[in-house]
Amino acid sequence: MQDEPVSRREFLSRSGKAAGVAALACVGGWWLHEPERHPFARRTEAAVIRDLRVSGITPSLVVGTGSAPAAVTAAVLAGLGGMDQFISKGDTVVVKPNIGWDRRPEQAANTNPDVVAEVVRQCVAAGASKVYVTDITCNDPTRCYNRSGIAAAAREAGAEVLPPSEARLREVNVGGAMLGMQKVFDVYLEADKVINLPIAKHHSLTKVSLGMKNLYGILGGNRSRLHQDIHNSLADLGNFLRPTLVIVDAWRILLRNGPQGGSLDDVEERRSIVASVDQVAIDSYAGATYFGLTADDMPWLALAERYGLGTAAYETLPMKEVQA
Amino acid sequence: MTIDVDNPGRHAAEARRYRMLRWLRRISQGLFLALFVLLLLFTNIDALDAPDELPRISAPVVLFLEMDPLVAIGTVLSTHSLYRDLLLSLIIIVGTLFLGRFFCGWMCPMGTINHMIAALRGGRMKGRARLEANRYRPAQRWKYIVLVLFLAAAAMGSLQVGLLDPIALLTRSLALLLLPAWNVLTQDMYAWSMHTQSAVPDFIVTPVSWALHAVLIRAQVVLFENTGLVLLVFLGILAANRYVTRFWCRMLCPLGALLGVLSKTSILGLEKRPSLCSNCNRCALHCQGGDNPEPGMDWHQAECHLCMNCVASCPDAGIAFRFFPSRKESTQVVNLTRRTVLLSAGAGIAAVPLLRTSVHPDAPPNPALVRPPGSVPERDFLSRCIRCGECMNVCPNNALHPTLLQAGAEGIWSPMLIPRIGYCEPTCVLCSQVCPTGAIDEITEKEKGWVPQVDGGSTENPLRIGTAFYDHGRCLPWSMAKECIVCEEWCPTTPKAIYFESVEVTDREGNYLWLKRPHVDPALCVGCGACTYACPVKGEPAIYITAVGETRNTQNRILLEKTAGSKQGGG
């Protein structure tokens with residue numbers, strides 16, 4: 001027991017210390033209490049729309065055929081008016097092929113590596129400061145990136161090949177009808193331009209996997225739930241990430257056992273590459289041309305139209321055919 | 001430094017040579033420990049610059065296990081054959097026959113870790129206490145008993161040496177615990193550095209994030225189930241150094257015991273010269289093996305690690321390592337009576353049928369026990385697997401995990417597939433490549449035969465590991481009127497083992513809708529578990545794998561088949 005009186009000096013200094021620490025705690029608490037405001041936030045609640053389209057370009061469809069995928073890709077890009085229309089000097093560009101499965105190019109489950117390489121070269125030539133090639137794969141990423149031939153081809157063309165990384169997923173509100181908070185690979189949140197580079201292939205649920213289906217690969221986390229309302233999910237993805245350009249690889253298309261395939265009997269050579277800035281029109285065109293589907297067979301097109309992402313009536317767009 | 005006064009020149013030169021040898025030993029220990037850890041780190045294929053061809057592990061990642069005489073002799077007893085590169089163990093065996101336990105003092109990574117930890121403690125222990133702790137004690141016989149027990153069990157067909165073999169134990173502990181922990185730490189720091197860029201200036205974040213990226217072991221976090229006991233054993237071994245220097249190496253290590261027995265023929269030994277000795281006890285203070293190096297006591301040759309501490313700290317040249325040493329002082333080899341040996345062997349033999357009363361390897365298999373592709377039939381598997389965990393370490397999908405009791409007490413820590421965490425990658429055969437003992441027989445991608453290859457290769461007779469089944473009550477299209485079939489999307493076979501029928505159903509409100517309801521074709525399913533992995537129903541999945549249909553067990557089948565040749569050479 002202690003009965004000695006507290007001196008005035010001690011009273012002041014101890015009360016002052018307590019008050020100081022309390023004040024710090026209050027300031028710190030206030031600073032931290034709003035998860036969106038504090039500097040280490042990994043979640044943002046407000047809906048994000050990444051509209052990376054270049055304004056002032058009249059949508060058109062360019063279809064190329066020929067004898068080599070890279071040459072046809074170059075011809076198609078020239079037909080659109082050249083890559084400099086889309087890429088400005090110093091841009092950070094993400095080229096997003098489909099690298100989903102551990103398959104060789106001949107098996108037509110992944111985008112053709114020559115097409116990817118040509119697009120990368122054109123981006124570099126147009127002055128892009130950084131070109132990333134990436135996809136969040138289904139199978140083991142090392143195998144997918146290598147067996148598809150895309151890692152080697154893209155790197156040789158001057159791209160940085162980014163493997164999927166759990167640590168680089170950021171949870172954002174993609175602001176869709178079905179999709180809200182989703183884990184998105186952070187490159188898509190920071191890039192200046194995104195080029196969507198799907199392969200045209202069969203898929204049991206959506207009948208065909210094209211541009212908007214390819215955007216699946218920007219998501220991490222538990223994305224298999226998207227199948228429960230696949231059409232709204234695809235439209236939501238297209239709405240969240242509005243790519244600068246969509247190039248559909250129809251060099252080889254997979255007709256059955258998609259989206260992985262495997263047997264060469266399921267593959268058909270069409271030797272075609274299609275490009276457009278209208279992601280709805282190009283899905284509609286590729287579905288109709290290579291898989292005989294109408295817009296009614298592809299319900300995500302109408303939903304995407306409602307978002308104002310483009311038109312499913314691809315016939316209304318100016319169309320150019322090129323040969324290489 | 002005190003130098004012998006009678007013959008300063010000769011003794012000074014000898015002391016210098018021993019101090020140099022001690023340094024060589026330290027360098028050797030450091031290099032082998034570094035090599036061991038590096039090889040563990042190289043046991044994956046995360047490098048993206050692998051060429052287009054099939055990923056292979058080119059480094060000799062299981063070198064230490066293949067050089068391990070206990071693994072070699074254990075598997076020879078249990079299988080009557082020496083698998084693949086286990087022949088390398090002859091290097092250590094022959095070396096030990098001539099030199100004694102140089103492996104323990106100069107090479108063993110577990111020994112080095114114990115040595116370092118004991119040195120931290122030993123530095124604090126002083127005088128008599130330290131001397132007493134370093135004396136030979138009868139408990140050092142335990143390890144021979146452990147060895148005899150394990151070898152007797154191995155002769156009965158149950159290979160348990162891996163439970164306590166130091167290389168298997170350390171591989172398992174590092175691969176399943178320490179590397180994942182390091183991985184979690186660096187991943188979290190990297191994620192933090194990638195997402196705080198707005199708050200922290202670039203010139204700080206960029207180098208930090210680059211450095212973290214460089215030391216990340218894997219791009220994905222890899223974690224293992226059932227590792228609690230592995231951790232306890234490992235921590236227990238490390239902690240025991242607190243009481244006795246290198247407690248594990250002296251008292252329990254069965255590999256040390258085996259090498260001790262082999263050192264009986266060693267031509268290198270300690271020569272004691274009591275006439276020169278001033279009884280300073282420095283040799284015993286620094287002894288690692290507890291083998292009584294000081295003159296006037298029995299030297300226990302089988303306990304000596306050849307660490308050179310005794311001779312390097314001797315001020316009088318009272319002891320020396322010599323080839324063909326004179327044996328004026330008494331030297332003991334293995335201090336074990338015939339009765340103890342017979343009793344331990346009897347216990348080891350009796351342990352096998354006792355263990356097999358719980359789960360017998362020929363009994364109907366545990367449906368949850370899905371073994372990696374290439375695994376030999378269960379009885380042979382348990383006579384080969386040393387529980388080193390290399391298959392789990394190399395698995396790119398984190399699909400393989402140690403068992404607890406799924407394979408019976410006899411099979412603790414052997415590998416099993418947990419498809420909810422990771423599925424068996426269809427074109428991957430890495431686990432079969434790294435398995436040092438052939439519990440997982442080495443197979444090629446074509447032999448696995450899950451995916452058609454561009455360069456040919458049949459998928460007609462795949463190496464199956466199990467079969468998938470639906471739990472209709474949890475499946476969205478089967479019981480919740482929802483579209484899904486993610487399982488069908490992920491099914492890797494051609495044609496897909498999962499097919500669907502389109503059915504018209506009514507939902508709760510009475511609306512009609514068409515749904516695709518999935519089914520499994522057991523004739524095509526290989527049991528990879530990709531469906532289970534991808535199933536959006538978290539918790540218990542709506543599709544699961546059991547071992548039925550596995551190629552390695554001709555009794556564990558569903559379908560009536562024409563007798564197909566087993567890929568395990570069965571017939």
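Helix 9 of chain A (residues 279-291; helices here are DSSP runs of H or I, at least four residues, numbered from the N terminus) buries Gln279(A), Val280(A), Ala281(A), Ile282(A), Asp283(A), Ser284(A), Tyr285(A), Ala286(A), Gly287(A), Tyr290(A) and Phe291(A). That's eleven of its 13 residues, with buried meaning under 20% relative accessible area (1.4 Å probe, protein chains only). At the start of the helix, a side-chain oxygen of Asp278(A) comes to within 2.9 Å of the backbone nitrogen of Val280(A). Right after the helix sits Gly292(A), with a positive phi near 65 degrees.

This is a predicted model: local features need pLDDT of at least 70, side-chain atom pairs count only at pLDDT 80 or more, and totals for chains, interfaces and linings use all residues. Residues are numbered from 1 along each chain as its sequence is written, chains are lettered from A and ligands numbered from 1 in the order written, and side-chain values use heavy atoms, leaving out hydrogens and water.

Over in chain B, helix 3 (residues 69-79) meets helix 8 (residues 142-155). On the helix 3 side, the contact (heavy atoms within 4.5 Å) uses Leu70(B), Ile73(B), Gly74(B), Leu77(B) and Ser78(B), while helix 8 brings Leu147(B), Leu151(B), Ala154(B) and Ala155(B).

Now for the cysteines. A search of the whole structure turns up zero disulfides (cysteine sulfur pairs within 2.5 Å).

| Cysteine | Nearest cysteine sulfur | Distance |
|---|---|---|
| Cys431(B) | Cys428(B) | 6.3 Å |
| Cys528(B) | Cys531(B) | 6.0 Å |

Cys431(B) is buried at 8% relative accessible area, and Cys528(B) is buried too, at 6%.

Terms used. Buried < 20%, exposed > 50% of the residue type's maximum accessible area, 1.4 Å probe, protein only. Axes fitted to C-alpha atoms, helices over the stretch in contact; angles between N-to-C directions. Helix = DSSP H or I, 4+ residues; strand = E, 2+ residues; numbered from the N terminus. Expected span 1.5 Å × (residues − 1). Polar contact = N/O pair within 3.5 Å; in protein donor to acceptor, adjacent residues only side chain to side chain.
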